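Trainee: I have just opened this model and would like to learn how to read it. Could we go through it together?

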Amino acid sequence: MMVPLKFTLGTSAAVIKAVPLLLVDLLNEDGVTGKAYAFCYRPSGAVAMSSHLTEAVDLLKGKDITPFDAMQILSRRFALLGVTGAVRMALSLLDIAMWDAMAQKQRVPLSSLLGSSPKPVRAYDSRGLGLMEPDRLAKEVQTLLESGLRAIKLRLGYSSLSEDLAALRAVRKSISGGDVAIMVDYNQALTSTEATLRGRALEKEGIYWLEEPIAHEDYEASAALARELKVPVQIGENFNGPEGLLRAIVARASDYVMPDVARIGGVTGWLQAAGIAAAHGIEMSSHLMPEVSAHLLCATPTAHWLEYVDWADAIVEEPLKIRDGMALTSEKPGSGIAWDEAKLKRLDTI
């Protein structure tokens, strides 16, 4: 399903006006339907993930099984293909839907099933502030701040450092008061040398963190950058399962981590990753899918920030609520996600 964005999102990798989302309904034998969705990056990704999901469900049919055991079985069955990319995301979606169904069956919110409870979660606005002219950035930040959130993400990666600084300063100047945190994201656009150069300049501007300045899998170079800079380095949206997070932490590749629930292994993978992060004292934020991620952060010992986007507002009955700079975790059974059929009919399918 292609969902149009309220804010065109220009990054160093692409200009995004609509996002492909894959919606999952998992009907179990008890008549409970678990739900999940994921950003698929490309329409072809949704097609591949859908195919993997269909096969995964067939492999589990007739089994009375927990999400943990299901992921163990499926990881083994898909091992020769490789549990990464579209396969990892498909299995993660299945895991999320299974956990949602379990919580619904017990009539508790997902966060409660995980041993916590629904609570407000600190969030930053990641809906806009893509690559554009400084005057347009200044106007857009005013619109974003109407949400009530006091932290925002700014995409950088212009052709020169001077343009990056001009963009950052335009946003800063447009913000009334100095209590808004600004995270900057390069979407892996820089070389290690350029990242050091720009990072040194940006840390003088008081940014909150420097996100994915270089290729995400180069943990050695990222660790060197983190040692060199005073500003915290943030990575993690591309971690492939808890194992990827562990390798990054052991390498000291960043100061913070921010797994994506659809890449880390769903709820099951997130819980394992949260335990690793807690054992190492690393603060852990989320990437996208805030409706589910809010529940997970409630049960994360080193919970840091929720990345807020409103992409699912176009498909769900009750969008995630924001109040006093916080995201309000749903108190409904399960994740709280329910599709709005009228909204779905107005959108194009892939």
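Mentor: Gladly; we will go through a sheet, some helix pairs and a few single residues. Keep in mind that this is a predicted model.

Trainee: Let's begin with the sheet. In what order do the strands of the three-stranded open sheet lie?

Mentor: To read a sheet, follow which strand pairs with which. Here the order is 1-2-3, and the pairing is antiparallel. Strand 1 and strand 3 (33-39) are the edge strands, each pairing on one side only. From one strand to the next, the twist averages 30 degrees.

Trainee: What packs on the sheet?

Mentor: Helix 3 does, touching strand 2 and strand 3. The direction of helix 3 makes about 145 degrees with that of strand 3.

Trainee: How many bridges join strand 1 and strand 2?

Mentor: Strand 1 (residues 2-10) and strand 2 (residues 15-27) pair over five bridges, in the antiparallel sense. The two strands form a hairpin, with four residues between them. You can trace the pairing residue by residue: Val3 has Val19 of strand 2 as its bridge partner, and Met2 stands opposite Pro20 in strand 2.

Trainee: Now the helices. At what angle do helix 1 and helix 3 pack?

Mentor: For a pair of helices, look at the angle, the distance between the axes and the residues that meet. Helix 1 (residues 43-60) and helix 3 (residues 85-106) pack at about 55 degrees, with their axes 8 Å apart. That angle makes helix 1 oblique to helix 3. The crossing is right-handed. Among the residues making the contact are Ala48, His52 and Leu60 of helix 1, and Ala86, Met89 and Leu94 of helix 3.

Trainee: And how do the axes of helix 9 and helix 11 cross?

Mentor: The axes of helix 9 and helix 11 (residues 266-279) cross at roughly 15 degrees and come within 9 Å. Because angles under 35 degrees count as roughly parallel, helix 9 is described as roughly parallel to helix 11. Helix 9 also passes helix 11 in a right-handed crossing.

Trainee: Which residues of helix 9 meet helix 11?

Mentor: They are Pro242, Leu245, Leu246 and Ile249, which meet Gly269, Gln272, Ala273, Ile276 and Ala277 in helix 11. A useful idea when reading such lists is that an α-helix has 3.6 residues a turn, so residues three or four places apart point the same way.

Trainee: Which residues of helix 8 are buried?

Mentor: In helix 8 (residues 219-228), the buried residues are Tyr219, Ala221, Ser222, Ala223, Leu225 and Ala226. They pack against helix 7 (192-203), strand 8 (233-235) and helix 9 (241-250).

Trainee: Why is Ala224 called partly exposed?

Mentor: Ala224, which lies in helix 8, is called partly exposed because its relative accessible area is 33%. You can also compare separation along the chain with separation in space. Ala224 and Thr66 are 158 residues apart in sequence, and their C-alpha atoms are 41 Å apart.

Trainee: One last residue: is Asp185 buried or exposed?

Mentor: Asp185 belongs to strand 6 (residues 181-185) and is buried, because its relative accessible area is 3%, while the cut-off for buried is under 20%. The side chain of Asp185 reaches the backbone nitrogen of Asn187 at 2.9 Å.

Trainee: What does Asp185 touch farther along the sequence?

Mentor: Leaving out residues up to four places away in sequence, Asp185 touches Lys153, Leu154, Arg155, Leu156, Glu211 and Glu212.

Notes. Residues are numbered from 1 along each chain as its sequence is written. This is a predicted model: local features need pLDDT of at least 70, side-chain atom pairs count only at pLDDT 80 or more; totals for chains, interfaces and linings use all residues. Side-chain values use heavy atoms; hydrogens and water are left out. Buried means under 20% relative accessible area, exposed over 50%, partly exposed in between (1.4 Å probe, protein chains only). A polar contact is a pair of N or O atoms within 3.5 Å; within protein, one must be able to donate a hydrogen and the other to accept it, and residues adjacent in sequence count only if both atoms are side-chain atoms. Contact means heavy atoms within 4.5 Å. Two strands pair if DSSP finds at least two bridges between them. Axes are lines fitted to C-alpha atoms, for helices over the stretch in contact, and angles run from 0 to 180 degrees between N-to-C directions. Angles under 35 degrees count as roughly parallel, over 145 as roughly antiparallel, 65 to 115 as roughly perpendicular and the rest as oblique. A crossing is left-handed if the near helix is turned anticlockwise from the far one by less than a right angle, and right-handed if clockwise.
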